[in-house]
Amino acid sequence: MSPWFDGYPLRPDSFDEVFFADGTLRPAAAGVLEALGQLDPGELHTRVEFLRRTYVDQGVTFDLGGRETPFPLDIVPRIVQAAEWAVVEAGVKQRVLALEKFLDDVYGEGRVFTDGVMPRKVVTTSHHFHRAAHGFNPPNGVRVHVAGVDLIRDPQGDFRVLEDNVRVPSGVSYVISNRRALSAALPEVAALHQLRSVQEYPLRLRAALTACAPRGVSDPTVVVLTPGVFNSAYFEHALLARMMGCELVEGRDLVCQNGYVSVRTTQGLRPVHVIYRRVDDEFLDPATFRSDSLLGVAGLMNAARRGNVTIANAVGNGVADDKLVYTYVPDLIRYYLGEEPIIAGVDTWRLEEDAHREEVMDRLDELVVKPVDGSGGKGIVIGPAASAEEIAALRARIEADPRGWIAQPVVQLSTVPTMINDRLVPRHVDLRPFAVNDGSGVWVLPGGLTRVALPEGELIVNSSQGGGSKDTWVLADTSERPHEEIPEASVHPVAMAMQRREDVRIQPPRSQQEQQQQTASEGGATC
C-alpha cells in the first residue's frame, strides 16, 4: 500500500472505487497505488505541478464565473474494469438508440403519444421542443450524431443514469487532453496497464459527419460552427476542428443563398454540406428563432429542410434532454426497442403531478430538486445542505411552475482518491461517456469524462461549479485482442486557418456579440 493512502478516510455512505468498505484494496487499483508509492513527496509534487503547467501552457481552460481557468486534472486516474465498461457501453448504446427513435417519432408521427406511452404535453411544454423541426428527415436517419450520457455509481456500486445530453454535449476534448497529459506525467504507471485508447474519437466523429451528408454528396465539406472565442467551450471547438481537419467557423463566415449554405473564403464562396454546430438552437437561425442572434446564419433552417445541408446534432434534440422526459426513458426503451433498460435511472418525482408534488413539498429538506432544463449544475437545490430561506424560495418557485422541476433522493456518488493539498482523500465523481452514431451503429468512446467535486462532501461535479476531472482508464479485456492505438499520423492535420473576406457590413458592438457567445453555453451539454 502506498504511504500516500495512510489514514485515507473512507466514507461509509459512498462506494469507494479503490477500497472495499473494510479498507482492503480493490485488485484493479493495485498497480496504480504501488507505482505512486514509489514516488517521494517532492517527485509527486513535481508531477502534479507538471499537469497544472501543461494545461496552462496549452490553453486547456474552461470558463468559471467569466474567467478563463486551467481545467483541474487530478494526478490519480480512475480505473474502470473491462467487465464494468461492457455494461456501460451496452447501456449507453441502448439509450442512444431509444432516444433516436423517440426524437424521430416526436417530430414525425407521434405514435408515442397515441399509444399512451407519454402524454403529449410533456413534449409540447418543453422549452426545447421546436415545431420548426417537425417533418425533418435526416439524410441517413440520424438526429443524435453525438451523445453524452451522465452516469453515477450508487452506494452499491451500480451505475445509474443521471441525465442525457443529446443537444451539443461538451467535454470530450478534456478526455483526449487528459489522457495525453497524464500519460506524460505518469508514464511508468500507464505502462503497467493495458488501456483502451481514446484517440480514435476525432476520426469516428469525422466519419459520422461525412456519413450524414446530403444525398448525392460523396465528398462533403464539413465545418465546425462555434459561437466564438468568448464561449466557455471554445477550446473544445478548436481542438475538434483541428483533429478532424475541418474548418472552424462562426456564423458570420457562412452565407445562405437560394437554399444552399456556403462558407466565405479568399477564393470566394465554397459550398458547405455538414455543419457540426456547437451553437444552441435558439441562436442558429435568426430568421427562424431569435431574431437578434449574431451567432447563426439566416436561412439555415430552410436550407436544412430542403436537404441541402445537414445540421449535427439535429435541431430540436433538446426535448430529449428535458429532465421530465428523462423519467419516461425506461418506458421509451421498452416501447421502441422491446428491451429492459440495461442501466437504471435514479428514482424521480414529477412535480407537475399533484400526488408527487404533495409528497415532495413535505420533504424538500431531504431531497435534491432540479430544474428540468437546467445545465452545468445551475439551479440545483440539495435539500439537506440548503438553508431555510433557500427552501422557502424553492417552494415558491415550484408552486409557480410545477412543470419546471423534478425531485430525486440524495444519492451519494462514488468516491475516488484525489490529491487535495498534498493529501489523497476521497472525492465524489461522475462519468460522462460519449457516443457517436454514424447511422450504421453506435460507438462509445472507451472512457469518457470523469468529473470530480473538489470540495469535501460536495455532490455537484460540474466544472462550471468549480469541479475538476480525472483521466478515465478503461482496462482492455485481456481475453480479446488488444485494442490498437491509432497512429498519430492518421489523425487529420491541422486545418489551415480560414482567412475571412473583408465584410463591408457594419459590425455590431463586440460586447453584444461577446454576451451572446457566453449565453449560448450549449445548454444541457455544459460539462
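This briefing walks through some strands, a helix and a set of ring contacts in the structure above. The model is a predicted one. We begin with strand β19 and its two partners, β4 and β20. After that come a three-strand sheet with the order β8-β9-β10, helix α8 with its buried residues, and the aromatic rings, where the count of pairs is five.

**Strand β19 and its neighbours**

- Strand β19 covers residues 434–437, and its side chains alternate: Phe434 and Val436 point one way, while Ala435 and Asn437 point the other way. All of these residues are buried.
- On one pairing, strand β4 (residues 146–153) runs antiparallel to β19, and three bridges join them. Here Ala147 has Ala435 of β19 as its bridge partner.
- Strand β20 (residues 442–444) is also antiparallel to β19, again joined by three bridges. Within this pairing, Val436 stands opposite Trp443.
- β19 and β20 make a hairpin, with four residues between the two strands. In the turn you will find Gly439, whose phi is positive at about 95°.

**The β8-β9-β10 sheet**

- Three strands make up this open sheet, in the order β8-β9-β10 and with antiparallel pairing.
- The edges are held by β8 (254–257) and β10 (268–271); each has a single partner strand, so one side of each has no neighbour in the sheet.
- Leaving direction aside, neighbouring strands here are turned by 40° against each other on average.
- Four bridges link β9 (residues 260–265) with β10 in the antiparallel sense. For Arg264, the bridge partner in β10 is Leu269.
- As background, strands in a sheet pair through backbone hydrogen bonds, in either a parallel or an antiparallel way.

**Helix α8**

- Helix α8 spans residues 201–211, and its buried residues are Tyr201, Pro202, Leu205, Arg206, Ala208 and Leu209.
- These residues lie on the same side of α8, because they cover an arc of only 160° around the axis.
- The general background is that an α-helix has 3.6 residues a turn, so residues three or four places apart point the same way.

**Aromatic pairs**

- The model has five aromatic pairs. One of them joins Tyr8 and Phe19, with ring centres 5.0 Å apart and planes at 35°, so this pair is tilted.
- Tyr8 and Phe19 both belong to the segment before α1 (30–37), and they are 11 residues apart.
- Is Tyr8 buried or exposed? Tyr8 counts as buried because its relative accessibility is 11%, under the 20% cut-off. Its partner Phe19 is buried too, at 4% relative accessibility.
- A stacked pair is formed by Tyr107 and Phe129, which are 5.4 Å centre to centre with 15° between the planes.
- This second pair links distant parts of the chain: Tyr107 is in the loop between α3 (82–106) and α4 (111–114), and Phe129 is in the loop between α5 (120–124) and β4, 22 residues apart.
- Tyr107 is buried at a relative accessible area of 1%, and Phe129 is buried at 13%.

**Charges over rings**

- Which ring does the charged end of Arg26 sit over? The ring is that of Phe20, and the charged end is 4.4 Å from its centre.
- Arg350 likewise lies over the face of Tyr328, at 3.8 Å from the ring centre.

Notes:
Residues are numbered from 1 along each chain as its sequence is written. This is a predicted model: local features need pLDDT of at least 70, side-chain atom pairs count only at pLDDT 80 or more; totals for chains, interfaces and linings use all residues. Side-chain values use heavy atoms; hydrogens and water are left out. Buried means under 20% relative accessible area, exposed over 50%, partly exposed in between (1.4 Å probe, protein chains only). Two strands pair if DSSP finds at least two bridges between them. The arc is that of the directions from the helix axis to the C-beta atoms. Rings of Phe, Tyr and Trp (its six-membered ring) pair if their centres lie within 6.5 Å; planes under 30 degrees apart count as stacked, over 60 as edge-to-face and the rest as tilted. A charge sits over a ring if NZ of Lys or CZ of Arg is within 6 Å of the ring centre and within 35 degrees of the ring normal. Axes are lines fitted to C-alpha atoms, for helices over the stretch in contact, and angles run from 0 to 180 degrees between N-to-C directions.
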